[in-house]
Structures are given as structure tokens and as C-alpha cells.
Amino acid sequence: MTAATLTGPTADPTLPALYRVARRARETRDTYTVALVPAEDAPAPAFAPGQFNMLYAFGVGEAPISISGDPGSGDPGKGGSLVHTVRAVGAVTRAICGLKPGGVVGVRGPFGRGWTLAAAQGKDVMVVAGGLGLAPLRPAIYHILARRERFGRVSLLYGARSPADVLYARQMAGWRRAGLGVHLTVDQGTASWSGDVGLVTRLIPKASFDPGNTLALICGPEVMMRFTIAELEKLGLGRQQIYLSMERNMTCAVGFCGHCQFGPQFVCKDGPVFPYSQVAGLLRQREV
């Protein structure tokens, strides 16, 4: 398949639509945020916070990438862009990160089940992210801040490998001003780092929330999510109050190939966001 064979956004979920890179910004040493626009005069599709797209680098391959843009910015469905934050860790993601404005990429999606934000209204919200796990949570943060009066206390607990690996560092000051309690920690500090060092679970006592009326949204490495869930359960959060975004080898994105099967679920179509009550037993099985 070549770029010449593709058109704009398509209803066929197996056929990539042709997009061009509108903007590319470097977030960290190996991570970029890329804004994509339809190559033809067509609107970008609307999406729900927590959904993902399959991005196709021509001549290289395809990879699932979470949508990290603002779902209420006026971009989706209005001729705007789809925003993705991509870490260059393999051939496909290196190719996508290397694209400059005007470069061509194929897009399939959006796919999957997103964050259950309607259920969070009237509640305190705790957003817990590790590393690149902040990317699929950023649309949820945008959504909440745009409707700040509908939610109780909102906290972001974020852990990164080092101060240089913190995503969206410039945005966080604005999030604080908008009423988000932002708390950061890193695995390894530097001489200039005055913040917390250690696991993201150490930040939980810094957050203000009512355990009986809180919804937790979690995304990051599975070991980080398991420890975070354990600490939240100790504080009184029930399984139905905790949602997490799972990462598996998604290939077809529509539940046909079985590569992302997680017990009886398919992460691509039944997730990637799951209530913890639905996957608690499986998450404890390291071989699943």
C-alpha cells in the first residue's frame, strides 16, 4: 500500500486514511507530540478521551497510539487535527517521530472505550499516571477542566523517570491555575530537582479526596498500576471506583486478530479503559 492509494477519513475501520503532519513538538529526549490533519478537505473525527488510533508509517508498519489532544478544543469534527504523543522506541514510532510538517501518515480510528467521565461528575477525581501514561489521560484532564464546576477536588499524581522525562511540563502550571492539584515525583532526581523522588504511590497522601466519593483514573506500567490500586483500596476505594487503561499488542484494532486478548476481553474494542472490577482477577496474573 502506498500513500497514493489512500484518501481522507474513511468509514472502513481496516483502511487507513491519509493525514499530514501539521505540527510536531519535542516533549522529551525521545518523545514528540504530533498534530495530524486530514490530507483532503474533510473533518478530523471526533473522539472520546482515552481512545486510540492506529498510525501507519508508510514502508515501515503500524502502531496503536493514544490520542492526547483536547476533545473540546474545536479540533475534532471541525476540520482540525488529531494529536498524538509518541515515544520513539521501535521502527514504527521512530518513523512517526521523525516526520516533519507536511509528512504523510496513515490513520485508522478512533478505536476503543474511553474514560467514564460522566460517572465522575459530582465526585472527587484522582488522575494517576506513570511515564507516557499521562498521554491518554491528558484528554480527560482537558475535559474535566473545561467543566470544572461539575467535579469535586481533582488531583494529578504523576511519576516520571527523571525531571527531563516529565511530559507536558509547560502545561502543568496552567493546570494548577485552573484548579488541578498537580503532584510530581521522579525515579531519579538531579541537583536542581527539589520535588519528590520515589514511587508515584508516595504522592497519594498529598491529594485531597473523599475515598467514598472518588473516581480514580490510572494509566502507566502495569506494576505501577497494581501498586497504585493496592494503596487506593487500603484507603477505602472500591473496585468500581477505579478505572485503568491497559496496553497490549493491538494489531487489527477491531477484535479480529486476537493479539490483544486479555482473558475474555479484547483490549482494542472492550478497552483500552476498563473498570478495575472487570479485570481485577486477570491483572493479578502476570502471565496473562
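## Close-up views of a predicted model

**Figure 1. Arg248 and Glu222 form a salt bridge with an N to O distance of 2.3 Å.** Arg248 sits in the loop between strand E12 (242–245) and strand E13 (261–262), and Glu222 belongs to helix H4 (residues 222–234), so the contact ties together parts that are 26 residues apart in sequence. Arg248 is buried, with a relative accessible area of 17%. Glu222, at 24%, counts as partly exposed. The two residues fall into separate classes because buried means under 20% relative accessible area. The structure shown here, as in every view below, is a predicted model.

**Figure 2. Asp124 and Arg153 are joined by a salt bridge whose closest N and O atoms are 2.9 Å apart.** Asp124 lies in strand E7 (residues 124–130), while Arg153 is in the loop between helix H2 (138–146) and strand E8 (154–160); the pair therefore ties together parts that are 29 residues apart in sequence. The acidic partner, Asp124, is buried at a relative accessible area of 7%. Its basic partner, Arg153, is partly exposed at 42%.

**Figure 3. A salt bridge between the side chains of Asp196 and Lys206 spans 3.6 Å from N to O.** This pair links distant parts of the chain, 10 residues apart: Asp196 is in strand E10 (residues 196–197), and Lys206 is in the loop between E10 and strand E11 (214–219). Asp196 has a relative accessibility of 25% and counts as partly exposed. Lys206 is also partly exposed, with a relative accessible area of 41%.

**Figure 4. Arg29, Asp30, Arg87, Arg161 and Asp165 are joined into one network by salt bridges that share partners.** Side chains of opposite charge can pair when their charged atoms come close. Over the whole structure, a search finds 12 salt bridges.

**Figure 5. Seven strands form an open sheet with mixed pairing.** The strand order is E10-E9-E8-E7-E11-E12-E15. E10 and strand E15 (273–275) are the edge strands; each has a single partner strand, so one side of each is left without a neighbour in the sheet. Helix H6 (residues 276–283) packs on the sheet and touches E12 and E15. The direction of H6 makes about 95° with that of E15.

**Figure 6. E7 and E8 pair in the parallel sense over six bridges.** Within this pairing, Ala129 has Tyr158 in E8 as its bridge partner. Strands of a sheet pair through backbone hydrogen bonds, either parallel or antiparallel.

**Figure 7. The largest pocket holds about 1,100 Å³ of space.** Its lining consists of 46 residues. Those nearest the pocket centre are Leu132, Gly133, Gly220, Pro221 and Glu247. The elements that contribute two or more residues to the lining are strand E3 (52–57), strand E4 (61–66), strand E5 (82–87), helix H1 (91–97), E8 and H4.

**Figure 8. Gly109 and Pro110 are joined by a cis peptide bond with omega of about 5°.** Pro110 is part of strand E6 (residues 104–111). A cis peptide bond is also found between Gly271 and Pro272, where omega is about 10°. Pro272 lies in the loop between helix H5 (267–270) and E15. Most residues other than glycine have a negative phi, and most peptide bonds are trans.

**Figure 9. Tyr168 has a positive phi, near 55°, in a residue other than glycine.** Tyr168 is located in the loop between E8 and helix H3 (169–177). At 2% relative accessibility, Tyr168 is buried.

**Figure 10. Ala253, which is not a glycine, has a positive phi of about 75°.** The loop between E12 and E13 contains Ala253. Ala253 counts as buried, at 3% relative accessibility. Arg248, the salt-bridge residue of Figure 1, lies in the loop between E12 and E13 as well.

Notes. Residues are numbered from 1 along each chain as its sequence is written. This is a predicted model: local features need pLDDT of at least 70, side-chain atom pairs count only at pLDDT 80 or more; totals for chains, interfaces and linings use all residues. Side-chain values use heavy atoms; hydrogens and water are left out. A salt bridge is a side-chain nitrogen of Lys or Arg within 4 Å of a carboxyl oxygen of Asp or Glu. Helices (H or I, at least four residues) and strands (E, at least two) are DSSP runs, numbered from the N terminus. Buried means under 20% relative accessible area, exposed over 50%, partly exposed in between (1.4 Å probe, protein chains only). Two strands pair if DSSP finds at least two bridges between them. Contact means heavy atoms within 4.5 Å. Axes are lines fitted to C-alpha atoms, for helices over the stretch in contact, and angles run from 0 to 180 degrees between N-to-C directions. On a 1 Å grid over the protein atoms alone, a cavity is a set of points where a 1.4 Å probe fits but cannot get out, and a pocket is an open set with protein on both sides within 12 Å along at least five of seven lines; lining residues have an atom within 4 Å of a point. Grid points are joined across faces, edges and corners, and a volume is the space filled by probe spheres set on the points.
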